[in-house]
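Here's a quick tour of a small set of features you can look for in a protein model. Have the sequence and the 3D view open as you read.

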Amino acid sequence: MSVRITVCQDCCCGTVKKHPTTNHFSHLRRLREAAAKAGGTVRISQCLDTCETSNVVVVQASGHKPVWFGWVLHDDAIADLERWLAAGGPGSPVPDTLELHRITPPGLRAATDGAE
Ligand code: FES
């Protein structure tokens with residue numbers, strides 16, 4: 001399985017101004033290593049329009065819906081992503097601690113907001 005990890009780095013995500021205690025460089029390096037081990041790649045994106053949940057990381061794999069994660073700010077979240085990717089990533093169960101980081105992609109929010 002080939003994964004593509006999108007790491008948002010723009011006006012909020014990846015900035016020292018908004019997240020001064022996050023080691024953005026280390027996290028990006030670790031995600032690149034995890035992607036490479038999974039036969040995938042990492043790309044940096046401009047704002048994904050969900051700054052309130054920065055830092056945002058999206059993991060995609062063919063045959064699966066993209067999985068969006070927010071508040072990826074601490075080493076623990078990166079370690080959870082590394083373990084999940086090593087276990088197969090998209091299509092495999094998301095660990096509970098990583099599930100706490102799941103977010104709804106901004107394009108789908110309007111369809112679910114207010115729906116009962
Ligand atoms: S900068 Fe990442 S969602 Fe806006």
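**Cavities, rings and charges**

Helix 1 is the top contributor to the lining of the largest cavity, giving 4 residues. Keep in mind that this is a predicted model. Below you'll find the cavities, then an aromatic pair, then the salt bridges.

**Cavities**

- The count is 2 cavities of 30 Å³ or more.
- The largest cavity has a volume of about 100 Å³, and 13 residues line it.
- Want to find its centre? Look for V7, Q9, H27, N55 and V72, which lie nearest to it.
- Two elements, strand 1 (3-8) and helix 1 (24-37), each give two or more residues to that lining.
- The lining of the largest cavity splits into 8 nonpolar and 5 polar residues, with no charged ones.
- The second largest cavity comes in at about 40 Å³, and its lining includes C8, D10, C11, C12, C13 and C47.
- In the lining of the second largest cavity there are 8 nonpolar residues, 1 polar and 2 charged.

**The aromatic pair**

- To describe two aromatic rings, you give the distance of their centres and the angle of their planes.
- There's 1 aromatic pair here.
- The ring centres of F69 and W84 sit 5.5 Å apart with the planes at 75°, so this pair is edge-to-face.
- F69 belongs to strand 4 (residues 67-69) and W84 to helix 2 (residues 75-86), so the pair ties together parts 15 residues apart in sequence.
- Both F69 and W84 are buried.

**Salt bridges**

- Side chains of opposite charge can pair when their charged atoms come close.
- The structure has 4 salt bridges, and three of them are among the bullets below.
- R29 and E33 meet in a salt bridge at 3.2 Å, N to O. They're 4 residues apart in helix 1, so about one helical turn separates them.
- R29 is partly exposed at 38% relative accessible area, and E33 is partly exposed too, at 39%.
- E82 pairs with R30, with their closest N and O atoms 2.9 Å apart. This one links distant parts of the chain, since E82 is in helix 2 and R30 in helix 1, 52 residues apart.
- E82 is partly exposed at 25%, whereas R30 counts as buried at 17%.
- R83 and D80 form a salt bridge at 2.7 Å, N to O. They're 3 residues apart in helix 2, so again about one helical turn lies between them.
- R83 is exposed, with a relative accessible area of 52%, but D80 is buried at 9%.

Note on methods:
Residues numbered from 1 in each chain as written. Predicted model: local features only at pLDDT ≥ 70, side-chain atom pairs only at ≥ 80, totals over all residues. Heavy atoms only, no water. 1 Å grid on protein atoms, 1.4 Å probe; cavity = no way out; pocket = protein on both sides within 12 Å on 5 of 7 lines; lining within 4 Å. Points joined across faces, edges and corners; volume = space filled by probe spheres on them. Nonpolar A, V, L, I, M, F, W, Y, C, P; charged D, E, K, R; others polar. Phe/Tyr/Trp six-rings, centres within 6.5 Å; stacked < 30°, edge-to-face > 60°. Buried < 20%, exposed > 50% of the residue type's maximum accessible area, 1.4 Å probe, protein only. Salt bridge = Lys/Arg side-chain N within 4 Å of Asp/Glu carboxyl O.
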